[in-house]
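Student: Could you walk me through reading a model of a complex? I would like to start with confidence and end with a single residue.

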Amino acid sequence: MSTTANPYAESPAEVQLPTGPRDGDLAIDLHDVHKTYRGNIKALRGVSMQVRKGEVFGLLGPNGAGKSTLVKILMTVIRPTACGGNMLGHRVGHKPTLARVGYLPEHHRFPDYLTAAQVLDFFGAMSRVDRATRRARTPELINLVGLKDAGRKTVRQYSKGMRQRLGLAQALINDPDVLLLDEPTDGVDPEGRRDIRNILADLRARGKGILINSHILAELEMICDRAAIIYGGELHAQGTVNELTHFGAQYEIDAERPPGAGAPPLPELTAMGGGVSVMRDTGAMITIATGTTSAYDFQPIVDSLRAARWTVSRVELARPTLEDAFLRVIGTARAKMAEANAKQGAAA
Amino acid sequence: MQTWAILFDAYRELNARKMFWISLAISLLVVCVFAGLGINEKGIELLWFTVEIGPLTTALMSRSLFYKTLFMSVGLTIWLGWASTILALVSTASIIPDFVSSGSIEGMLARPISRTRLFLTKYFASLLFVVLQALVFCAASILVIGVRGGVWLWGLMLAVPIITLFFSYLYCVSALVGVWTRSTLASLLASLAVWGVVLAMGIAENGLLIAKISAENPIPLIEKDVEARELQVRKAKEESTDPAAFMKLEKRLEDRRVDLIEQREKVASIDTWYRIAFTAKTILPKTGDTKELLERAIINDREMEQMANMASDSNGRGGGGPFGASDMKAVRQADKINKSRSLWWVIGTSLLFEAFIVAWACRIFARRDF
């Protein structure tokens, strides 16, 4: 099993995350992808990442981080400056492989004079799906994405959400082994988002590798198995959602003061060290952050509270959200970049 | 499969364009004009009336020639060659810029089809606008002329490939600028500008050819005159005529020699400019000459002669218009030279120009990051 660096980890023990897949399981395996635009604008600086078959992989990053560039390189829309690795066992840029790949571009515009069925038929033919299969799959996909009621309406009469649903359907017309979705829930209502999540879960169960590019981190957290965080053209973290949100996880303890009990043993608690802190103190109830993910380690806190005759009402392992993890990684990356720029400036 | 999909999509796109239907409606209107006109032994038929217009009867020109001339002058030159082409350029100018615009192109490039094939298929599919317009117009014209005049001019169908070729010379520029700038307006303006340059070059080359022939025509006469005068001078010298008369003869001979040199210099000067214009025209697409290929194909020698006689008759009556008799001779000679130019020169060199422009556009498309 290979390992992936976790550069935002603060202690040496957290530097390596056990996330590496076996080679045969990989749908996308990228090594050292670079893209430099004219004017020496570096959009990607040596990105390496893997997407397994049968998993949903989230690509996170702020605007201009290089997410779309990476996806476009995979889909041959942009030519990389350098790109190692492969997709479905073929080098990136191998056109015939794209017949096995589905793609939903960001801000896509389909021919607005076509109906949903015509869009699917056209893009199916472009993906070399034979006519009989296209005819069979078109009504299935229209039903699947909930566009059955659109009937003979042309795309120009569609709402943004309907267009997005149609975009997902066209990405599935060739029954792809790998699906690349750029902001798939952009403009979609909550019901539509749930439908899309269900479709993706079903595809994952069928062994498809799915790469999602999105800003909506709560959405990604619900559906992604693994994710990578990209900033300034570099990958700053990659791992399962649990691994990414591991840093900052800790047990929290709520304790209530019963009638007749004294003040909480705050000096004793804070004297324990190890990251113990009082998160909230209302007088009648306190919430304590234990600073540990070990049940063994927080027992002295419980003992101390009980000794003071306080009632322990809740003990919970609290994890940061993916958004918290994302903001932490981006903050660290930004600081590092600023530091590097400052050093460069000083050297100059 | 992919090629058919793109072609079928192009057809659907045309159906969705109002300009396509407007252009088709005007085509049918022009065909209705053909339906209203005819010629008989008394004069010109206008709907169900006969109007006597001078010698314009079947005695002067056959029904077949009348309809061919009508189709050439109104159908091909005015409608298909001008108005319909402008409508087509306006209507198709947005096809490539829309195709390469952000949001559209990603979905097309992310398919198992090479960029070169994708672009070329899209380019040729864009010509469908003109193919369909010309096809409907020619078929309707043949039908109407056949039913109305009893003459079935199947050769008019040649206008379909000819007009498509003519349009493609201009559309390739629109495609190049479209893929380069992604701007519909720039594409349209560029194709119109190139058309303007081509027309100007055609007019300049033809004008210089006429001027060259006009200047060349008197040379044999002057040469003959000089020879005659040389003989006269020699004779006068042998006969030892009056020195004053001899000098006068010599002076006239000298003047004619100077005339000859000046005329030859004039021809050489025009010839230099003509060669430049001819070279430029050879490089550029030959829109006018391409359209004239239809005339060459459907009007036979006898009819051509009939038309030439009619033209000289009318010039005779009208005093030759802006041209004198010698100029008219030069115009006819130039016309003959133009018509004798090879198919390779007319179409082959134009297609070379188009191939170069399309290859350039293709290169930009194949190398660009979208």
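Tutor: Happy to; we will take confidence, then the contact between the chains, then one residue. Keep in mind that this is a predicted model.

Student: What ipTM and pTM does the predictor give the complex?

Tutor: The ipTM is 0.81 and the pTM is 0.83.

Student: And in chain B, where is confidence lowest and where is it highest?

Tutor: Helix α13 (residues 301–318) of chain B is lowest, with a mean of 66, while helix α6 (residues 115–126) of chain B is highest, at 96. For chain B as a whole the average pLDDT is 89, and 96% of the residues score at least 70.

Student: How many residues does each chain bring to the contact?

Tutor: In general, the size of an interface is often given as the accessible area lost when the parts come together. Here we can count residues: chain A supplies 24 and chain B supplies 20. On the side of chain A that touches chain B, helix α2 (residues 116–126) of chain A gives the largest share, four residues. By class, that side of chain A has 15 nonpolar, four polar and five charged residues.

Student: Now a single residue: is A:Leu181 buried or exposed?

Tutor: The idea is to count neighbours, with 20 or more other C-beta atoms within 10 Å as the cut-off for buried. A:Leu181 has 25, so it is buried.

Student: Where is A:Leu181 found, and which residues does A:Leu181 touch beyond four places away in sequence?

Tutor: A:Leu181 sits in strand β9 (residues 178–182) of chain A. Leaving out residues up to four places away in sequence, A:Leu181 touches A:Leu104, A:Ala171, A:Ile210, A:Ile212 and A:Asn213. Take A:Ile212: it is 31 residues from A:Leu181 in sequence, yet the two are 4.8 Å apart in space, C-alpha to C-alpha.

Terms used: Residues numbered from 1 in each chain as written. Chains lettered and ligands numbered in written order. Predicted model: local features only at pLDDT ≥ 70, side-chain atom pairs only at ≥ 80, totals over all residues. pLDDT = per-residue confidence, 0-100. Helix = DSSP H or I, 4+ residues; strand = E, 2+ residues; numbered from the N terminus. Contact = placed C-beta atoms within 7 Å. Nonpolar A, V, L, I, M, F, W, Y, C, P; charged D, E, K, R; others polar. Buried ≥ 20, exposed ≤ 12 C-beta atoms within 10 Å, placed from the backbone.
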